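Q: I have a protein model open and do not know where to begin. Can we go through it feature by feature?

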Amino acid sequence: MTQEIAYLRVVHQHPDLPPEFKIDRPIVTIGRHPSNDITLPFSSVSRFHSRIEVHNNRFYIIDLNSSNGTYVNGRRITQSALSDGDIVIFGNIELQFSRESLVEKIGREEDSQATEVEIITTQVGGQTEIRSKINVDSTPLPGAEAECLDRNTLIRAHGRLATLYKLSDILRSVSDEKEMLRRVLSLIFDVLPADRGAILLTTNDKAKPLRAAIVRHRDATSKPSEIAVSETIVNRCINERVAILSSDALTDTRFDAAESIVQHEIRSIMCVPLIVQNKVVGLIHVDTRESVQAFTEEDLAFLTSIANELAVSIEHLRLQQEFICKERMAAIGETITSIAHSIKNLLLLSRGGCELMDKSIRQNSIESVKDCWGVIKRTLDKISSMVRDMLEYSRQRRIEYRECDINELIRSICASFENELKKKNIELELDLDQQIQSRKLDEDGLHRVLVNLLVNAIESINRPQGKILVQTSLLPTNSIMIKVSDNGIGIPEEDISKIFYPFYSTKGAVGTGLGLPITQKIIEELGGKIEVESVRNEGTTFTVTVPLLETSCFDVNDS
């Protein structure tokens, strides 16, 4: 097979560099050391910086853990395919990848060709993607350098426009605050050359007014849950409500007191407040150790645009949660009279049992005493269950994430129902996705959800041969989906919209009417959702989707 040939053209001519480098071998190394195939003798370039490999007539560039990184069209990469016209940066050296030799092109073309820009907008899985295809004639005519700079600016503008479209999709579709923040910070890292980043949110704790809602390090070896930032910068950003940019924090006189900048070798910093309706709800902080990729005013304007949109979405989510909480408490208030009436009737029944027991004791009738005690005990159990469920529904539950094998948890819960299943001759089948490994989740909450759904499934089956199916699957959105299906009596269509109302029960005197509302409350607290499908006399399927999230902590220091 004939070896494909490509070229790296020097964007800004330098006396120590030729106009272009030829790539005519399967592997071409690039770096400062003279043993490389392409030598770039500059201090910002690592000794062995990158290499280009050819596979199936396609060219791929691979970063070799260089100090200042390898960038393709303004984005730092570890490995990336190269397309004609891509701008590749090694340290502070910009090269343009091309399939055509610059020398041959000059000999063949007398006149310059106009720049051609094609913007392609597509919808992929409900997400808007914008890609640009740009063909530029690189013939070194007067003003060619300015044209190349304009082209680079256009590439960055297109990339950032695409990012803002993606941001809009995220803010519109994600209802969980932590997941939304994680995706937004990921978008920021896709565009900006940040080494560390965090989104901090305000709290009501005067001792610790900020908490790190999400943290990210580009370096995979760093602890993702920890970050130390300068209290000097954070306080100024919050108190003065200004976006802060420092292209060289080590020499910036504004931050002389912040020794943490020196300690962490930070060169460039951006800190932008999240402000909505004249109220600061948090801030975005990013920094980098690389002087050759210092942040610019253009970067600050872009980050500020993201911060403005994010602040509004955070406040909107919080108002939604507050409304849900008020609605839930209102529902409890509206039904308290009903529940009090039920308890009163149960107490009257219990009192009647006590009177009968007194009479039986006077008559020395042990059998009658046993019967009366059974009535009293069942009544007390009913009241106890009703009060316990009421408390569970009304209080704010503490969510604790810890490592847990989800499939093993489901097996353990199902095993605890073995006797009940045998008594009703119910077959329980498990279809568990083996790709689901041990993950961080709220084990206690998920345990309660599964128990409630299995109890409902068992109680709904009244046929000789019952069947329950429990399924799990890992979704591409880093969420887990759990389905509990049964072939029971089903739920009447007119009742499906009511089953999550507090104290509404289709079981008559058997249920408290709080099992499913509690289940829905737990799932919503975890940022998930529960859906139900049911056909009368055929069965019911409950589908639970819960995101698998990471926890994080935050350390602000002024060293």
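A: Start with contacts along the sequence. This is a predicted model. Among its contacts between residues at least 6 apart in sequence, 60% join residues at least 24 apart.

Q: How many helices and strands are there in the protein?

A: The protein has twelve helices and 27 strands.

Q: What percentage of the residues is buried?

A: Of the 559 residues in the protein, 45% are buried. The protein exposes about 29500 Å², and carbon and sulfur atoms supply 50% of that area.

Q: Which residues have the most contacts inside the largest nonpolar core?

A: In soluble globular proteins, nonpolar side chains tend to be buried together. Here the largest nonpolar core has 39 residues, and those with the most contacts inside it are Ile406, Ile410, Leu453, Leu454, Ile468 and Phe542. Among the elements that each supply at least two residues are helix 8 (406-415), strand 23 (466-475) and strand 26 (539-547). Helix 10 gives the most, with seven residues. Apart from this core lies another, of 36 residues, including Leu171 and Leu300.

Q: What is leucine 454 in contact with, leaving aside its neighbours within four places in sequence?

A: Leucine 454 touches Ile413, Cys414, Phe417, Ile468, Val470 and Val484.

Q: What span should helix 3 have?

A: A helix advances 1.5 Å a residue, so the 15 residues of helix 3 (residues 177-191) should span 21 Å; the end C-alpha atoms are 22 Å apart, which agrees. The N-terminal end of helix 3 is capped by aspartate 176, with a side-chain oxygen 3.3 Å from the backbone nitrogen of lysine 178. Buried residues of helix 3 include Leu181, Leu185 and Ile188.

How values were computed:
Residues are numbered from 1 along each chain as its sequence is written. This is a predicted model: local features need pLDDT of at least 70, side-chain atom pairs count only at pLDDT 80 or more; totals for chains, interfaces and linings use all residues. Side-chain values use heavy atoms; hydrogens and water are left out. A nonpolar core is a set of buried Ala, Val, Leu, Ile, Met, Phe, Trp, Tyr and Cys residues joined through side-chain atoms within 4.5 Å. Buried means under 20% relative accessible area, exposed over 50%, partly exposed in between (1.4 Å probe, protein chains only). Helices (H or I, at least four residues) and strands (E, at least two) are DSSP runs, numbered from the N terminus. Contact means heavy atoms within 4.5 Å. The expected span of a helix is 1.5 Å times one less than its number of residues. A polar contact is a pair of N or O atoms within 3.5 Å; within protein, one must be able to donate a hydrogen and the other to accept it, and residues adjacent in sequence count only if both atoms are side-chain atoms. Accessible areas come from the Shrake-Rupley method with a 1.4 Å probe; for residues, only the protein chains shown count as cover.
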